[in-house]
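This report describes selected features of a protein model, namely helix packing, burial and salt bridges.

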Amino acid sequence: MNNTKVYHMFSIGDSYTIGEGMAPEDRFPNQTVSILKSSGIIFDEPKIIAKTGWTTDELMAAVHEDNPKSDYDFVTLLIGVNNQYRGRSSEEYRVDFIKLLKMAIGFAQGKSNHVTVLSIPDWGVTPFAEGRDRNKIAEEIDIFNSINKKETESLKAHYIDITPISRKAANDLSLVADDKLHPSAKMYKDWAILVADMIKSELK
């Protein structure tokens with residue numbers, strides 16, 4: 001009889017979680033479970049609630065509508081770039097982010113240490129941002145990330161700062177998808193390695 005435990009991961013977010021323009025296996029949640037499987041840690045296919053363009057309130061509404069179970073082993077949350085892009089306030093972001101993070105912890109059976117928040121990538125370094133104020137974009141994203149980091153640490157969930165990885169795309173277009181805005185499978189793999197390492201550390 002095979003007694004190998006099969007783990008379940010749930011990922012919520014926006015284009016960066018659904019992997020805009022990528023094949024499903026290239027999304028960071030899918031690459032994460034592939035990396036874990038290669039280490040002998042078996043996950044089924046991750047459940048994803050994410051859509052390109054979603055802001056915090058739109059993600060929240062979609063999660064409420066889906067009404068997921070609260071029995072996931074690990075949960076990831078990455079949200080906020082569209083709040084920044086649409087000029088939404090950082091205070092609104094804080095309020096919504098806290099609600100989403102508490103929801104994520106609930107989906108992880110109340111275990112905050114089984115929730116991983118990823119920082120917002122800096123789309124200002126991509127070719128898509130040509131002609132825009134890249135410094136302003138970076139500053140605003142840093143403000144939003146200071147909020148999600150503080151609130152994540154306050155609720156004792158894990159935090160992975162992938163923003164420096166995203167900024168490498170300024171000098172390496174292999175990290176950017178064909179749409180000249182979103183990450184490529186190569187960049188998602190860099191994120192996935194960090195998420196997988198976090199999960200491995202919790203399973204030791």
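## Packing of helix 3 against helix 5

In this predicted model, helix 3 passes helix 5 in a left-handed crossing. Helix 3 covers residues 56-66 and helix 5 residues 90-107; their axes come within 9 Å and cross at roughly 30°. Since angles under 35 degrees count as roughly parallel, the two helices are therefore roughly parallel to each other.

On the helix 3 side, the contact is formed by Thr56, Asp57, Leu59, Met60, Val63 and His64, which meet Tyr93, Asp96, Lys99, Leu100, Met103 and Phe107 of helix 5. By character, the residues of this contact comprise 7 nonpolar, 2 polar and 3 charged.

## Burial of helix 2

Helix 2 spans residues 28-38, and 8 of its 11 residues are buried, so the helix is largely enclosed by the rest of the structure. The buried positions are Phe28, Pro29, Asn30, Gln31, Thr32, Val33, Ile35 and Leu36. Just after helix 2, glycine 40 adopts a positive phi of about 85°.

## Salt bridges

The model contains 13 salt bridges. One of them pairs lysine 47 with aspartate 66, with the closest N and O atoms 3.2 Å apart. This pair links distant parts of the chain: lysine 47 belongs to strand 4 (residues 47-50) and aspartate 66 to helix 3, the two being 19 residues apart. Lysine 47 is partly exposed, with a relative accessible area of 25%, and aspartate 66 is likewise partly exposed, at 39% relative accessibility.

A further salt bridge lies within helix 8 (residues 185-203), where aspartate 197 and lysine 200 are 3 residues apart, about one turn of the helix. In general, an α-helix has 3.6 residues a turn, so residues three or four places apart point the same way. The closest N and O atoms of aspartate 197 and lysine 200 are 4.0 Å apart. Aspartate 197 is partly exposed, with a relative accessible area of 39%; lysine 200 is also partly exposed, with a value of 26%.

## A shared network

Salt bridges with shared partners join Asp57, Arg88 and Glu92 into one network. Within this network, arginine 88 forms a salt bridge with glutamate 92, and the closest N and O atoms are 3.6 Å apart. Arginine 88 counts as partly exposed at 25% relative accessibility, as does glutamate 92 at 31%. Asp57 also belongs to the helix 3 residues that meet helix 5.

Conventions: Residues numbered from 1 in each chain as written. Predicted model: local features only at pLDDT ≥ 70, side-chain atom pairs only at ≥ 80, totals over all residues. Heavy atoms only, no water. Axes fitted to C-alpha atoms, helices over the stretch in contact; angles between N-to-C directions. Helix = DSSP H or I, 4+ residues; strand = E, 2+ residues; numbered from the N terminus. Parallel < 35°, antiparallel > 145°, perpendicular 65-115°, else oblique. Left-handed = near helix turned anticlockwise from the far one by under 90°. Contact = heavy atoms within 4.5 Å. Nonpolar A, V, L, I, M, F, W, Y, C, P; charged D, E, K, R; others polar. Buried < 20%, exposed > 50% of the residue type's maximum accessible area, 1.4 Å probe, protein only. Salt bridge = Lys/Arg side-chain N within 4 Å of Asp/Glu carboxyl O.
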